[in-house]
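Q: Hey, could you walk me through this one? I'm new to it.
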Amino acid sequence: MTTQSIVGRDAGRGDVLTVHYDSGYIVAVERRHDANASDLPLLAPGFIDAQVNGYMGMDVNAPDADSTVIQGITEELARIGVTTWVPTVITASEEAISHALMCVERARNADARVRDAIPCVHVEGPFISDQDGARGVHDASQVRAIDPEEVRRWAAITRIGVVTVSPHWPDTPRAIKEICSMGIRVSIGHTHAGPAEVLSAIDAGATLSTHLGNGIAAMIPRHPNALWTQLADDRLTCGLIADGHHLPPETIEVMLRAKGPRGAFLVSDTTAIAGNPPGRYQTPVGGSVDLDEHGRLSYVGTELLAGAAASLPDGLRNVVRSTSVSLGQALKLVTENPARTLPGARPGLGTLQPGAPADMVLVSDSGAVLEVIRSSAGMENIRP
């Protein structure tokens, strides 16, 4: 294949970047200063969404899901600039979880584009809090204590990258150590655990926080509490839902300051309703939900959130629009930072450097994705 090139501005320094790529990989990057380059779009790595439950009517966790669902989500996300994503399997019976994992594995085996786009799977539950509020919309009847042997059985089906647990369960540190020994990262989430239990989980090897600020009781002690503990410990990298509904702008601002430039990343946590027009929809767990024109998904007749419906690019734009975070800083929250958290990620993922996958996006100064270049399938240029 003939080497191709793309030109854009560096989001951090403003330099003009010329990226040369061939056979799905970046082969060279040229950088030059040009004071008149402000009319060029920004050039960034393809976006990485580390938590996706579904999109455009396709549900990773649906009982009737198959490999075509995983393929379909991969294609639809690529259209909006998300070239890497992590299917997120939620609390269910072991049979249902295994079915979802098998769908992912079959899709990865059948399509190189899917294999490149999906480095691993995130299993969010079933080892979470059984209490209302902290449990979120997860099925209470399927919540159970942490079981490393069940995790081992999942790992025999496909690559498990992350497992979310609540560290309130008995013998949690031992269980976390055993899961980590499998090459799987443990994330703290959907928890009513206290600070001491959270610290014990971190000491045992937990390194992530699942959508910090959500998946916790609505009313908690002002201090101490599990949020402060997770924010204060630099051993944890936290995911944040930045759709403008799950976390207020000032909360995102403070959390990003606390975690520093490398300690957080954005996720969408989208359900299958994401990408659809406003209206009333039915969900398998929560029943009737309303999606409004601002992307807020709530239970009918209430202000209670029923999941997320805004895409990762939507969250990126929301952060830039509503906080003091620059676009250059925000882009790292959807590229470099999540790439570091994913077992199985291709070398160089989330960066623009020789040897990295040639997944790239051209972005406007407002954060809108203008063009997508995807490294799989003989290279593709996609316009959203």
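A: Sure. One term to start with: helices here are DSSP runs of H or I with at least four residues, numbered from the N terminus. And keep in mind that this is a predicted model.

Q: Okay, so which helix does Val 151 lie in?
A: Val 151 is part of helix α4, which covers residues 148-155.

Q: Is Val 151 buried or exposed?
A: Buried, because its relative accessibility is 0%, and the cut-off for buried is under 20%.

Q: What is Val 151 in contact with, leaving aside neighbours within four places in sequence?
A: Phe 127, Val 163, Ile 179, Met 182 and Ile 184. Take Ile 184: it is 33 residues from Val 151 in sequence, with 9.3 Å between their C-alpha atoms.

Q: Switching topic, why is strand β5 said to be largely enclosed?
A: Six of the six residues in β5 (residues 47-52) are buried, so the rest of the structure largely encloses this strand.

Q: How many bridges join β5 to β8?
A: Four, and the two strands run parallel. β8 spans residues 82-90, and its Pro 87 is the bridge partner of Val 52.

Q: What about pockets? How much space is in the second largest one?
A: About 290 Å³. It has 18 lining residues, and those closest to its centre are Asp 10, Ala 11, Gly 12, Lys 332 and Glu 336.

Q: Which elements supply at least two residues each to that lining?
A: β3 (25-32), β4 (42-45) and α10 (327-332) each do.

Q: And how does the lining divide into nonpolar, polar and charged?
A: Eight residues of the second largest pocket's lining are nonpolar, five polar and five charged.

Methods
Residues numbered from 1 in each chain as written. Predicted model: local features only at pLDDT ≥ 70, side-chain atom pairs only at ≥ 80, totals over all residues. Heavy atoms only, no water. Buried < 20%, exposed > 50% of the residue type's maximum accessible area, 1.4 Å probe, protein only. Pairing = 2+ DSSP bridges. Contact = heavy atoms within 4.5 Å. 1 Å grid on protein atoms, 1.4 Å probe; cavity = no way out; pocket = protein on both sides within 12 Å on 5 of 7 lines; lining within 4 Å. Points joined across faces, edges and corners; volume = space filled by probe spheres on them. Nonpolar A, V, L, I, M, F, W, Y, C, P; charged D, E, K, R; others polar.
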